[in-house]
Amino acid sequence: MMQTLVIMVKEPRPGRVKTRLGRDLGMTAAAWWFRHQSRALIRRVQDPRWQVVLAVAPDQAGLTSRVWPAHLPRWPQGRGDLGDRMGRMLRAAAPGPVCVIGADIPGIRPAHIAEAFRALGNHDAVFGPAPDGGYWLVGLKRARPVPPTLFANVRWSTQHALADTIATLPDHRIARIATLNDVDTIDDLPMTKRGPRAT
């Protein structure tokens with residue numbers, strides 16, 4: 001069975017992506033960061049062990065965009081909140097395990113993705129937690145249909161997002177893998193971390 005990795009990407013237009021980061025850096029610089037971060041991530045996680053699919057937004061612009069690699073399949077994210085869009089991707093993939101990640105997590109490596117798919121060998125769902133209470137990866141084994149209530153009433157962009165999502169998966173065996181940071185503000189950027197202290 002095929003393993004599918006879905007990467008959620010948005011057209012990197014100033015004012016449309018990473019707006020909290022844009023308030024610190026400027027909207028153009030934030031969009032530039034997102035474009036280069038996304039492209040580097042997509043390059044890095046392509047692997048023969050899984051099929052990479054780009055879930056694009058906005059739908060029309062994303063399907064025809066020249067920003068993203070032309071050889072990868074693209075699916076429109078469609079309407080709704082993050083849960084509606086991720087649920088659509090989890091249901092649309094070919095039979096087999098599916099993981100969904102965001103494009104704004106600089107720390108993701110192929111080993112993390114491999115770990116997530118391994119966890120789905122003996123779990124129904126897997127999450128890659130973020131320190132803020134959200135998560136950078138969600139995956140389902142899909143040995144049974146995706147629950148219709150998945151992502152219902154999740155408080156997105158709060159410290160409750162992971163706990164709320166897990167609550168929509170009763171009677172599922174759930175695994176957690178490495179905790180990684182996403183980038184929302186200038187303080188989250190790796191290059192802004194302070195260097196070693198002077199002695």
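**Figure 1. Asp-81, a partly exposed loop residue.** In this predicted model, Asp-81 has a relative accessibility of 37% and so counts as partly exposed. Look for Asp-81 in the loop that runs between β3 (residues 74-76) and α4 (residues 82-92). Phe-151 makes a good second landmark for this view: 70 residues separate Asp-81 and Phe-151 along the chain, and their C-alpha atoms are 9.7 Å apart.

**Figure 2. Helix α2 and its two sides.** Here we follow helix α2, which takes in residues 27-45, 19 residues in total. From the first C-alpha to the last, α2 reaches 27 Å, close to the 27 Å expected at 1.5 Å a residue. Which residues of α2 are buried? They are Ala-30, Ala-31, Trp-33, Phe-34, Gln-37, Ser-38, Leu-41, Ile-42 and Val-45. These buried residues lie on the same side of α2 because they cover an arc of only 155° around the axis. Turn to the other side of the helix and you will find Thr-28, Trp-32 and Arg-43, which are exposed.

**Figure 3. What the buried residues of α2 pack against.** This view keeps α2 and adds its partners. The buried residues of the helix pack against three strands and two helices by name: β1 (4-10), β2 (51-57) and β4 (98-102), together with α1 (19-25) and α5 (110-119). Both Trp-33 and Phe-34 are among the buried residues of α2, so they are handy side chains to pick out as you explore.

**Figure 4. Ser-38, a buried serine in α2.** Ser-38 belongs to helix α2. With a relative accessibility of 0%, Ser-38 counts as buried; the cut-off for that class is under 20%. Which residues does Ser-38 touch, once those up to four places away in sequence are set aside? The contacts are Trp-68 and Ala-103.

**Figure 5. The cis peptide bond between Ala-57 and Pro-58.** Ala-57 and Pro-58 are joined by a cis peptide bond, with omega at about -10°. Pro-58 sits in the loop between β2 and α3, the latter made up of residues 59-64.

**Figure 6. Ser-157 and Asp-171, two residues with positive phi.** Neither view has a glycine at its centre. Ser-157 is not a glycine, yet its phi is positive, at about 60°. Ser-157 is placed in the loop between β6 (135-140) and α6 (161-167). With a relative accessible area of 76%, Ser-157 is exposed. Asp-171 is also a residue other than glycine with a positive phi, in this case near 55°. The loop that holds Asp-171 lies between α6 and β7 (174-176). Asp-171 is exposed, as its relative accessible area is 65%.

**Figure 7. Thr-168, a buried loop residue.** Thr-168 is placed in the loop between α6 and β7. Is Thr-168 buried or exposed? Its relative accessibility is 7%, so Thr-168 counts as buried. Leaving out neighbours within four places in sequence, Thr-168 is in contact with Thr-149, Leu-150, Phe-151, Ala-152 and Val-154. For a sense of scale, take Ala-70, which is 98 residues from Thr-168 along the chain: the two C-alpha atoms are separated by 35 Å.

**Figure 8. The largest pocket and its lining.** The volume of the largest pocket is about 970 Å³. A total of 33 residues line this pocket, and the closest to its centre are Lys-18, Leu-82, Asp-104, Asp-182 and Asp-184. Two or more lining residues come from each of β1, α1, α4, β4 and β6. Which element gives the most to the lining of the largest pocket? That is β6, with 4 residues. By class, the lining of the pocket divides into 18 nonpolar, 6 polar and 9 charged residues.

**Figure 9. The cavity and the residues around it.** Rolling a probe the size of a water molecule over the atoms shows where empty space is left. The count is 1 cavity of 30 Å³ or more. The largest cavity holds about 60 Å³ of space. Its lining is made up of Asp-124, Leu-140, Lys-141, Arg-142, Ala-143, Arg-144, Pro-145, Val-146, Pro-147 and His-172. Sorted by class, the lining of the largest cavity has 5 nonpolar, 1 polar and 4 charged residues.

How values were computed:
Residues numbered from 1 in each chain as written. Predicted model: local features only at pLDDT ≥ 70, side-chain atom pairs only at ≥ 80, totals over all residues. Heavy atoms only, no water. 1 Å grid on protein atoms, 1.4 Å probe; cavity = no way out; pocket = protein on both sides within 12 Å on 5 of 7 lines; lining within 4 Å. Points joined across faces, edges and corners; volume = space filled by probe spheres on them. Nonpolar A, V, L, I, M, F, W, Y, C, P; charged D, E, K, R; others polar. Expected span 1.5 Å × (residues − 1). Buried < 20%, exposed > 50% of the residue type's maximum accessible area, 1.4 Å probe, protein only. Arc of directions from axis to C-beta. Contact = heavy atoms within 4.5 Å.
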